Amino acid sequence: MRVRAIAATAALLLAALTACGGSSGDDKAEPPAAKKSSPASTPSQPEKGLAFGKSAQTTGDGGAGVLEITPDTVVFTKEASGETAANGVFAVVTMKDKAMTAAAANEPAPIGGGGWKWMASDGEMVAFDTGNSSNVTMDKYTNADPVQPGSYQWRSQVFDLTSAQAKGGTLIYIDGAEKAFRWEMPSTDTGPNVAEVKKQLAS
């Protein structure tokens with residue numbers, strides 16, 4: 001009788017433990033999963049510029065039309081159009097603007113934040129009208145009217161730079177949609193029209 005009583009008592013205790021959600025010592029509670037840390041975000045790198053001479057499809061002023069802009073030739077000179085560079089050297093850049101749609105298109109005016117800028121290798125931005133650059137003109141490259149469908153124009157921008165700014169610079173253009181286009185600039189005279197540009201600058 002005593003054996004049966006002990007067995008019955010043990011059975012009751014086991015049933016009670018099971019009902020209460022008890023577990024044996026072998027069933028250890030799993031620790032909460034460690035929170036995975038997200039990898040540190042890497043700083044974004046500046047967008048790589050186009051090679052000098054490559055074309056870019058840009059939005060015209062006010063969002064009208066599409067201009068294909070191709071920086072064509074760059075000439076570095078201390079004197080041009082009877083002017084001496086106030087900061088050391090003029091960087092004279094010519095470009096071909098071609099209308100690509102049925103709508104006339106134009107470059108946005110600098111007063112609205114668009115147009116051309118020169119970025120030196122250390123990041124300093126130089127506007128097109130710095131120093132004596134605005135006094136440099138060339139007959140062939142002074143077009144400024146909207147480019148009509150099916151046609152193109154030759155234009156130019158002149159920057160009055162220090163010798164350091166003229167080395168390893170980046171040409172930046174902000175189009176009518178406020179998108180920036182970059183061209184990596186050579187530090188020596190480059191392009192198919194160097195001789196012609198020099199001739200016009202000397203006149």
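For the classes used below, Ala, Val, Leu, Ile, Met, Phe, Trp, Tyr, Cys and Pro count as nonpolar, Asp, Glu, Lys and Arg as charged, and the others, Gly among them, as polar. The structure is a predicted model.

**Exercise 1. Confidence**

Task: State the mean pLDDT of the protein, and identify what the pLDDT is over residues 1–46.

Solution. The mean pLDDT of the protein is 84. Of its residues, 77% reach 70 or more. Over residues 1–46, however, the pLDDT is below 50. Beyond near neighbours in sequence, this stretch makes 1 contact in the model. Where pLDDT is low, the predicted coordinates should not be read in detail.

**Exercise 2. The sheet**

Task: Give the strand order of the open sheet, and determine which strands stand at the edges.

Solution. The open sheet consists of 4 strands, in the order S2-S3-S6-S9. Their pairing is antiparallel. Strand S2 (56–59) and strand S9 (152–161) each have a single partner strand, so one side of each lacks a neighbour in the sheet and these two stand at the edges. From one strand to the next, the twist averages 35°.

Next, consider the pairing of S3 with S6. Strand S3 (residues 66–77) and strand S6 (residues 89–99) are joined by 10 bridges and run antiparallel. Phe 76, for instance, has Ala 91 in S6 as its bridge partner. Finally, helix H2 (residues 194–202) lies across S3 and S6, and runs at about 70° to S3.

**Exercise 3. The surroundings of Glu 68**

Task: Locate Glu 68 in the strands, and describe its contacts outside the residues up to four places away in sequence.

Solution. Glu 68 belongs to strand S3. Not counting residues up to four places away in sequence, Glu 68 touches Ser 55, Ala 56, Gln 57, Lys 96, Asp 97, Lys 98 and Met 100. For one of these residues, Lys 96, a C-alpha separation can be added: Glu 68 and Lys 96 are 28 residues apart along the chain, and their C-alpha atoms are separated by 7.9 Å.

**Exercise 4. The largest pocket**

Task: Describe the volume and the lining of the largest pocket.

Solution. The largest pocket holds about 450 Å³ of space. It is lined by 21 residues, of which Phe 128, Asn 143, Ala 144, Ser 156 and Gln 157 are the closest to its centre. By class, the lining comprises 10 nonpolar, 9 polar and 2 charged residues. Strand S7 (115–119) and S9 each supply at least two residues of this lining. S9 gives the most, with 4 residues. The edge strand S9 of the sheet is thus also part of the pocket lining.

Technical notes:
Residues numbered from 1 in each chain as written. Predicted model: local features only at pLDDT ≥ 70, side-chain atom pairs only at ≥ 80, totals over all residues. Heavy atoms only, no water. Pairing = 2+ DSSP bridges. Axes fitted to C-alpha atoms, helices over the stretch in contact; angles between N-to-C directions. Contact = heavy atoms within 4.5 Å. 1 Å grid on protein atoms, 1.4 Å probe; cavity = no way out; pocket = protein on both sides within 12 Å on 5 of 7 lines; lining within 4 Å. Points joined across faces, edges and corners; volume = space filled by probe spheres on them. pLDDT = per-residue confidence, 0-100.
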